[in-house]
Amino acid sequence: MQKLELHWRILIGMILGILFGFGMTYVEWGKDFVLDWINPLGTIFVKLLKLIAIPLILASLIKGISDLKDISKFRNIGLRTIGIYIGTTVIAISIGLVLVNLLKPGEGISEDTITQLTETYSNDSGVTSKLEEAHRQQDSGPLQFLEDMVPDNAFKALGDNSLMLQVIFFTIFMGISMLLIGEEKAKPLKDFFDSLNDVVLKMVDLIMLTAPVAVFALLANVVVSSGDSDLLFALLKYAGVVALGLILMIVFYSIVVTTFTRYSPWKFLKEMSPAQLLAFSTSSSAATLPVTMERVEEHIGVDKEVSSFVLPVGATINMDGTSLYQGVAAVFIAQALSFDMPFSAQLTIVLTALLASIGSAAVPGAGMVMLVIVLEAIGFPQDKLAIGLALIFAVDRPLDMLRTVVNITGDACVSMLVAKSVGKLGKPKVKNWDDNYNEVK
């Protein structure tokens, strides 16, 4: 019997996890059982993905740069990557603003619902922590993001997944320096990182064997940990607008891929589906990065010279789904609380969301921190910020899961565009976890 493809196994795990989670919510001891005995399986899986994220960036990026043989090629890849990422982010924010202005989800929220949401969530630790983090970021200088990009201790940066931009900076610096000392002198170090890259990719294959079970555990935990279902239904129109915008972004990526690379949109989505399903389950671009790189390189055919730079950078600065959500959320909050939102303020949202996305961490919940920055940029009253966040907090986690899917799909799309533009989009070379098993039996 033919083995089910990975994306089908993961999808089955997701469906079973959701059904199991709903079932456990009706059992008195169900929630505790899921938190104590099921959720740890998902947590271990996410930890394993994060464990190999930085070694994978380090090895693959150095390999990619050292294979270029020419620094000018790296400059071309870098400039095209940043330019395309900025363009797709502006498009994402614009789609969100058009939809929220047309559908006006905030006008359907009653005063009673606003009061209930405020009482339930305004003092929640999740809301207050996001406010504190946003104010900390706003107090920093205009060039703080550049200062934060440069590490003062390489080993400290390599030991902290939240410092991914610092890892990328150090790795690029090392890769360029290897080019400058000449191929002969750099060969021992290059051979080491080539071997490390192969080992880490094999680790990705092994970790993915447990993906269906891990996704089951992660989704079951999300379901039993969800908030008041009545409040979730009250915000259904707002969530629907965000979801519609995110779907349109997926359609946009598919059209762009087909137009510029002649790659089938259905095949693109099929090959990326395991990474998309994991992004949905983990809500983290950083945790999904190893799988995104594996799918793009081995299953789509993007050369490592391109993917090793474009994807780690994208996981850090490309937040198309998050930026779209911010545009919708900011206007929705203004509509619900009767705050005037002129066209000039919405242009400010585009610029602020674009700049905020560059410094946002690729972790769950980062979008709400960015949202506070966006709201303050348009002059939203300080005393209503907590109320504004409370309005959308109940549905933030499921929407975070959806926008992470868009974020990593955008990363893959841009990597294909850049690869095609520099002649580095070739035939896929799929590797399986047991390719070399006969050699070690």
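**A short tour of the salt bridges and a surface patch**

1. Let's start in helix α13 (residues 265-282): Glu271 and Lys267 sit four residues apart there, so about one helical turn separates them. Their side chains meet in a salt bridge, with 3.2 Å from N to O. Please keep in mind as you look around that this is a predicted model.

2. The two partners differ in how much of them is covered. Glu271 is buried, with a relative accessible area of 10%, while Lys267 is partly exposed at 37%.

3. Glu271 also has a salt bridge to Arg295, at 3.3 Å from N to O. Because Glu271 belongs to helix α13 and Arg295 to helix α14 (residues 285-300), this pair ties together parts that are 24 residues apart in sequence. Arg295 is buried, and its relative accessible area is 7%.

4. Next, have a look at helix α20 (residues 396-421), where Asp400 and Arg403 are three residues apart, or about one helical turn. They form a salt bridge whose closest N and O atoms are 3.4 Å apart. Both Asp400 and Arg403 are buried.

5. Salt bridges also link Lys63, Lys190 and Asp194 in a network. The count of salt bridges comes to ten.

6. Finally, turn to the surface, where Leu4, Trp8, Ile12, Ile15, Leu16 and Leu19 form a nonpolar patch. Together they have about 590 Å² of accessible area. One of them, Leu16, lies in helix α1 (residues 6-25). Leu16 is partly exposed, with a relative accessible area of 46%; patch residues need over 30%, so Leu16 meets that cut-off.

Terms used: Residues are numbered from 1 along each chain as its sequence is written. This is a predicted model: local features need pLDDT of at least 70, side-chain atom pairs count only at pLDDT 80 or more; totals for chains, interfaces and linings use all residues. Side-chain values use heavy atoms; hydrogens and water are left out. Patches are made of residues with over 30% relative accessible area and no salt bridge: like charges are joined within 9 Å, nonpolar side chains (Val, Leu, Ile, Met, Phe, Trp, Tyr) within 5 Å. Accessible areas come from the Shrake-Rupley method with a 1.4 Å probe; for residues, only the protein chains shown count as cover. A salt bridge is a side-chain nitrogen of Lys or Arg within 4 Å of a carboxyl oxygen of Asp or Glu. Helices (H or I, at least four residues) and strands (E, at least two) are DSSP runs, numbered from the N terminus. Buried means under 20% relative accessible area, exposed over 50%, partly exposed in between (1.4 Å probe, protein chains only).
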